[in-house]
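Colleague: I have a model open on my screen and would like to talk it through with you. Could you take me around it, starting with the overall picture?

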Amino acid sequence: MAEWICRTLRDGGLEGEHAPALIIKDTIRCPLSSFVFDHVLSQLSSFILSNKSQSKGIVLVALSRSPLYYQQFLKSKGYDVVDSPCWIKALDCYSDPLGWKSKLVESGSILNRDPGSSFTSSLCKNVRDLDNLFSSIIEIGKELAGDGKGRFVVAIDSVSEMLRHTTVSSVAALLSNLRSHDQVCCLFWLLHSDLHETRATAALEYMSSMQASVEPMALPANGQIGNSMNLSLMEQNYRRGKFCVRVKRRNGRVRMMFEELCVEISGVKFAPVSSEDNVISQSLVPKVQFNLQLSEKELNDRAKVVLPFEHQDNGKTTQIYDGRKSLNEDETEIHEKVNSSGKGEIIYFRDSDDEMPDSDEDPDDDLDI
């Protein structure tokens with residue numbers, strides 16, 4: 001499922017459509033979404049370097065972590081961003097997001113000892129100005145894409161950092177403008193949902209076509225944790241979780257997918273949800289106090305009910321219902337049927353004995369106006 005998401009981002013959108021967008025929500029209960037962000041970044045880098053993607057490069061907007069971190073991360077995955085051809089550029093919004101540091105350096109109050117990164121394209125000194133940030137992203141992307149028809153990927157490692165300095169509507173507008181740009185192949189970002197109100201999270205979810213999150217794995221009610229019984233619950237949530245994805249399709253329908261996520265030394269591993277976890281999840285669902293299906297006895301009783309106009313060969317002459325007979329005759333017939341067959345019957349009565357069967361007489365004609 002995680003690989004399917006990466007392929008969807010790799011393929012981009014059709015002509016005239018907005019670029020596919022993925023929001024990755026992080027929570028305190030299971031803070032593993034940053035590993036998912038790194039995994040998607042690594043997979044898209046692999047597609048670009050192997051010429052399997054329609055995009056030519058990646059614009060990385062670094063807000064919560066230094067560009068040097070991403071340089072070391074990609075190097076650990078076997079991608080040399082120093083000597084290889086330029087395919088990724090970082091917009092550094094981490095080192096000096098409000099421009100205070102540069103002013104102190106210019107005044108001589110502090111020394112600039114930031115080593116920087118070899119693939120840092122430019123330094124953003126005012127993250128509050130989202131119009132300038134948008135222009136910088138597009139400018140860097142065009143450098144990577146080359147000609148006018150080339151496309152590029154936009155990755156934002158923390159939208160939450162933007163929301164510290166600006167409004168939700170401004171951030172939503174930035175994401176919408178990026179998705180609708182002709183040269184943006186796809187877009188994905190990380191959001192720390194616990195830090196924001198529900199309406200803010202919902203607004204940013206609306207701007208995406210795919211939503212991903214990591215939830216804690218359900219633990220057995222008896223307290224057993226299988227092979228990892230020696231690990232505490234907190235350690236479990238920092239190593240293993242349930243990867244949940246919600247996809248909005250073109251026809252308007254929503255698809256839910258689940259996978260098991262495990263963080264290892266070599267990286268993130270995804271696997272189908274185990275049967276034990278399914279049993280645990282089912283055991284946590286409250287049991288309803290009514291049955292959604294009929295029992296065998298109820299099915300048999302329902303089959304015994306004789307419906308009006310129903311022809312049933314029970315040894316007697318088959319008669320089509322033709323209106324009410326006399327009351328005494330009907331009562332005798334009902335008692336005979338109940339006593340002989342032991343099953344009920346639904347009988348309709350006409351409004352009057354004078355009315356002929358299948359009469360078109362208006363029942364309101366008898367009313368005095």
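Modeller: What follows goes from the overall make-up to the sheet, the helices on it, the cores and the spaces inside, and please keep in mind that this is a predicted model.

Colleague: How many helices and strands are there in the protein?

Modeller: The protein has 12 helices and 10 strands, and of its 369 residues, 38% are buried. Among contacts with a separation of 6 or more, 74% are between residues 24 or more positions apart.

Colleague: In what order do the strands of the sheet come?

Modeller: The open sheet is formed by 10 strands in the order β4-β3-β2-β5-β6-β1-β7-β8-β9-β10, and its pairing is mixed. At the edges stand β4 (120-123) and β10, each with a single partner strand, so one side of each has no neighbour in the sheet. On average, and with direction ignored, neighbouring strands of this sheet are turned by 20 degrees against each other.

Colleague: Mixed, then. Which strands pair in the parallel sense?

Modeller: One example is β1 with strand β7 (residues 210-215), which pair in the parallel sense over 4 bridges, and there leucine 22 stands opposite methionine 210 of β7.

Colleague: And what packs on the sheet?

Modeller: Helix α1 (residues 2-11) does, touching β1, β6 (184-192), β7, β8, β9 and β10, and its direction makes about 135 degrees with that of β6. Helix α7 (residues 168-180) lies across β1, β5 (151-156) and β6, and runs at about 155 degrees to β6.

Colleague: Let me go to the β10 end. How many bridges join β8 to β9?

Modeller: Strand β8 (residues 240-248) and strand β9 (residues 254-264) run antiparallel and are joined by 9 bridges, and one of the pairs is arginine 246 with its bridge partner methionine 256 in β9. The two strands form a hairpin with 5 residues between them, and in the turn glycine 252 has a positive phi of about 95 degrees.

Colleague: How many residues are in the hairpin that joins β9 to β10?

Modeller: That hairpin joins β9 to β10 through 2 residues, and β9 pairs with strand β10 (residues 267-271) in the antiparallel sense over 5 bridges. Glutamate 264 has glycine 267 in β10 as its bridge partner, while valine 263 stands opposite valine 268.

Colleague: Switching topic, which residues touch the most other members in the largest nonpolar core?

Modeller: That core has 41 residues, and those touching the most other members are Leu9, Leu22, Leu44, Ile58, Phe188 and Phe243. Helix α2 gives the most to this core, with 7 residues. Apart from it lies another core of 35 residues, including Ala19, Val59, Ile137 and Val159. As a general background, nonpolar side chains in soluble globular proteins tend to be buried together.

Colleague: You listed Phe243. What is phenylalanine 243 in contact with, leaving aside its neighbours within four places in sequence?

Modeller: With those neighbours left aside, the contacts of phenylalanine 243 include Met1, Ala2, Ile5 and Val36, then Ala212, Ser213 and Val214, and also Met257, Phe258, Leu261 and Phe270.

Colleague: Which residues line the largest cavity?

Modeller: Phe243 appears again there, together with Ala2, Ile5, Cys6, Leu22, Val36, His39, Val40, Ala212 and Phe270. The largest cavity has a volume of about 40 Å³, and α1 and α2 each supply at least two residues of its lining. The count comes to 1 cavity of 30 Å³ or more.

Colleague: What about pockets, and how much space lies in the second largest pocket?

Modeller: About 460 Å³ of space lies in the second largest pocket. It is lined by 17 residues, of which Glu17, Ser209, Lys248, Arg249 and Arg250 are the closest to its centre, and the elements giving two or more residues to the lining are α1 and β8.

Colleague: One last residue: is threonine 27 buried or exposed?

Modeller: Threonine 27 counts as buried because its relative accessible area is 17%, and buried means under 20%. Its place is in the loop between β1 (21-26) and α2 (33-49).

Colleague: And which residues is threonine 27 in contact with, leaving aside its neighbours within four places in sequence?

Modeller: Threonine 27 is then in contact with Ser193, Asp194 and Val214, and Val214 is also among the contacts of phenylalanine 243.

Terms used:
Residues numbered from 1 in each chain as written. Predicted model: local features only at pLDDT ≥ 70, side-chain atom pairs only at ≥ 80, totals over all residues. Heavy atoms only, no water. Buried < 20%, exposed > 50% of the residue type's maximum accessible area, 1.4 Å probe, protein only. Contact = heavy atoms within 4.5 Å. Core = buried A, V, L, I, M, F, W, Y, C linked by side-chain atoms within 4.5 Å. Pairing = 2+ DSSP bridges. Axes fitted to C-alpha atoms, helices over the stretch in contact; angles between N-to-C directions. 1 Å grid on protein atoms, 1.4 Å probe; cavity = no way out; pocket = protein on both sides within 12 Å on 5 of 7 lines; lining within 4 Å. Points joined across faces, edges and corners; volume = space filled by probe spheres on them.
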